[in-house]
Amino acid sequence: MSIKRDPAEFEGKTTTDFIAELQAFREKYPYGHHPIIDAMCEGTLPKEGLKIFLIQWWYFGAVGAEQIFAMILAGMPIDPELYPIKKSLVENIHGEFFDPDVHPEVNVNMITSGCGITRDEVYKAELLPETSAFVNTLLHYVNNDWKEGLMSLMWALESQSPIQFVRRGIALREQY
């Protein structure tokens, strides 16, 4: 996979301008209002579609929790000014494994009990090409520069979690 950036695209832009552009893009395509999340909330997503979505989401969450957070942390230089960011990452990693339990495994439990499949079926499920491409894109940014990894995972994705988790949690309880 090749992701190319044209440095001229950023010429003359301030950090504030860049963040505003990212915010506008994220607001245009909010994950919490993705068509799949909307269908889930309306109860119109077929159970097979729900199962496929939850497995793909579980895989991404497992990669994020078990690998990407740690890769970002490992890529950061030793610099006392970065300790607040590092502390936040360590707290997030800790939460992924201890609050309330290992998040990927909590999600597997939810999928198996809600969709009537086995743990082995979750672990051996086929990944959609889009899921692989998404994970590979994040890994590209994480491997390219810890700052890009931090922005792509924490700001672009994790900051959208509250709206979609609240909506999704209610929908799963009420609709499925």
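**Exercise 1. Helix α2 and what comes after it**

Which residue follows α2, and what is the sign of its phi? Work this out on the predicted model, and then decide how the buried and exposed residues are arranged around the helix axis.

*Solution.* Begin at the end of the helix, where α2 is followed by G43, a residue whose phi is positive, near 75°. Next, go through helix α2 itself (residues 35–42) and pick out its buried residues, which are I37, A39 and M40. These residues cover an arc of only 160° around the axis, and they therefore lie on the same side of α2. Finally, look at the other side of α2, where P35 and E42 are exposed. As background to this kind of reasoning, an α-helix has 3.6 residues a turn, so residues three or four places apart point the same way.

**Exercise 2. The surroundings of R168**

Determine whether R168 is buried or exposed, and identify the residues that it touches beyond its neighbours within four places in sequence.

*Solution.* First place the residue: R168 belongs to helix α9, which covers residues 161–175. Its relative accessibility is 3%, and because buried means under 20%, R168 counts as buried. With neighbours within four places in sequence left aside, R168 is in contact with Y31, I37, M40, F53 and W57. One of these contacts can be described further, since R168 lies over the face of W57, at 3.6 Å from the ring centre.

**Exercise 3. The nonpolar cores**

Find which residues have the most contacts inside the largest nonpolar core, and which helix gives the most to this core.

*Solution.* The largest nonpolar core has 18 residues, and those with the most contacts inside it are M40, L54, I111 and V122. Turning to the helices, α2, α3, α5 and α9 each supply at least two residues of this core, and α3 gives the most, with seven residues. To see the setting of one member, take M40, which, apart from neighbours within four places in sequence, is in contact with L45, L50, F53, R168, A171, L172, Q175 and Y176. Apart from the largest core lies another core, of 17 residues, among them M76, V142, W146 and L153.

**Exercise 4. The aromatic pairs**

Establish how many aromatic pairs there are, and classify the pair of F60 and F134 from its geometry.

*Solution.* A pair of aromatic rings is described by the distance of the centres and the angle of the planes. The count comes to three aromatic pairs. In one of them, W58 and Y59 are 6.4 Å apart centre to centre with 65° between the planes, which is edge-to-face. Of these two residues, W58 is buried at a relative accessible area of 9%, whereas Y59 counts as partly exposed at 27% relative accessibility. For F60 and F134, the ring centres are 5.1 Å apart and the planes stand at 50°, so this pair is tilted. The pair links distant parts of the chain, with F60 in helix α3 (residues 47–75) and F134 in helix α7 (residues 129–144), 74 residues apart. F60 is buried, with a relative accessible area of 15%, while F134 counts as partly exposed at 36% relative accessibility. As a last step, note that ring pairs link W58, Y59 and Y123 into a cluster.

Methods
Residues numbered from 1 in each chain as written. Predicted model: local features only at pLDDT ≥ 70, side-chain atom pairs only at ≥ 80, totals over all residues. Heavy atoms only, no water. Phe/Tyr/Trp six-rings, centres within 6.5 Å; stacked < 30°, edge-to-face > 60°. Buried < 20%, exposed > 50% of the residue type's maximum accessible area, 1.4 Å probe, protein only. Helix = DSSP H or I, 4+ residues; strand = E, 2+ residues; numbered from the N terminus. Lys NZ or Arg CZ within 6 Å of the ring centre and 35° of its normal. Arc of directions from axis to C-beta. Contact = heavy atoms within 4.5 Å. Core = buried A, V, L, I, M, F, W, Y, C linked by side-chain atoms within 4.5 Å.
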